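Please open the model in the viewer and keep the selection tool at hand. The stops below proceed from a pair of helices to the whole chain.

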Amino acid sequence: MDRTRRRYSSHFNGEIILLILLLSFTLIQSQKNMNRITRHLSTKSPSPPNSSQFKKILLSITLGLLTGLTGAILFAYIVHILFNYINKTPILKGPVIFSPKISPKTLQLALSRENQLLGSSSNGSYYKTVLDNGLTCAVKRLEPFETENKSVKRKIQMELERLASLRHRNLMSLRAYVRESDRFCLVYDCVSNGSLEDAMNRVRENQLQLGWEVRLRIAVGVVKGLRFLHFECFPQILHCNLKPTNVILDGEFEPKLGDSGLVNLLPNLDRSSSGYSAPECFQDCRYTDKSDIFSFGMILGVLLTGRDPTDPFFGETAEGGSLGRWLRHLQQAGEAREALDKSILGEEVEEDEMLMAVRIAVVCLSDLPEDRPSSDELVLMLSQLHSF
């Protein structure tokens, strides 16, 4: 952030200098023309100038001003180009490091080795790599982008620097990035439990038990990450690609949002392709913070029901063919308990919390963005269900 402020300050100072130079150049040219006119008049008769002489004087002054102003504008334009060139962010090569624990040499050496695949998403794959100093990192290799436009690459680089400055308990921290010829590799802290998608798949296969308390903690952590992006970042950051594959779980099942803000850097990614996308993304490609809330509602629905939104079950029901419509139908019919994952049903207190969470999920999945709560409101709503 300090680097960005210095860049803007330098640009602002350059504009002030440019304005001073332009005014000075105009005044110098005007003074030269006035001196020239004065010398000319001093060689003439001391009698008052007639009408013809007066017109010549006015014409000379006007031409002098126009000449000076034209020269000043041309000079200012040249200086402006020079300032823009000087202030332009260079396109960096090799690793760009944001953590003192990582050195460029050890990172490049680790990336050159074959690394363990952790998972894939629509815009790239995660790999686990171990540096020579024993530090374990998660490396995301973004999908190749087909552009030789330096301004696009420079914009991606500046945005990555901004994302690297974000620090929050529920965000994946960007520690470094490497620009290759046609892609970027992003380096994050490695987390031990993989993605929420992986965890829920293990739950469905009876390989993992996730109780309601853990699932609610995951939901609260996800929405706290959204609140940070929506309300504490300036300018506001929209996630735009929130889904279980981008919710990464640490050793305590604390969630961390991955891919925050990356969709804006990947113009070829179709935001509406995800089953977790809001209706407005399909209809008019409009995306707001309330679109992130819809995606969160889908994640909360998955945590409550244990079902994948692409499950053929939803296409076979008579209630609309989607997880959101199914939940809404059961709630309106007073049968919300039928939607809950049977493996987390237990004490009556927990069941009451889960039924209230179903109501929250249904509101988040409203078709109209204005009917959905904000992430700030959701943190309070979900935290009141349980003590965190």
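Helix axes are lines fitted to C-alpha atoms over the stretch in contact, and angles run from 0 to 180 degrees between N-to-C directions. Helices (H or I, at least four residues) and strands (E, at least two) are DSSP runs, numbered from the N terminus. This is a predicted model, in which local features need pLDDT of at least 70, side-chain atom pairs count only at pLDDT 80 or more, and totals for chains, interfaces and linings use all residues. Residues are numbered from 1 along each chain as its sequence is written, and side-chain values use heavy atoms, with hydrogens and water left out.

Select first residues 212–232, helix α6, and residues 289–305, helix α8: the two pack at an angle of about 170 degrees, with axes 10 Å apart. They are therefore roughly antiparallel (an angle over 145 degrees). On α6, the contact (heavy atoms within 4.5 Å) involves W212, R215, I218, A219, V222, V223, L226 and H230, and on α8 D289, D292, F296, L300, L303 and L304.

Move next to helix α12, residues 375–383, where S375, L378, V379 and L382 are buried (under 20% relative accessible area, 1.4 Å probe, protein chains only). Viewed down the axis of α12, these buried residues fall within an arc of 105 degrees, so they line one face of the helix; the arc is that of the directions from the helix axis to the C-beta atoms.

Then select C185, buried at 0% relative accessibility, and C137, buried at 2%.

Finally, display the whole protein chain: it has twelve helices and eight strands, and 46% of its 388 residues are buried.

Terms used:
Buried means under 20% relative accessible area, exposed over 50%, partly exposed in between (1.4 Å probe, protein chains only). Angles under 35 degrees count as roughly parallel, over 145 as roughly antiparallel, 65 to 115 as roughly perpendicular and the rest as oblique.
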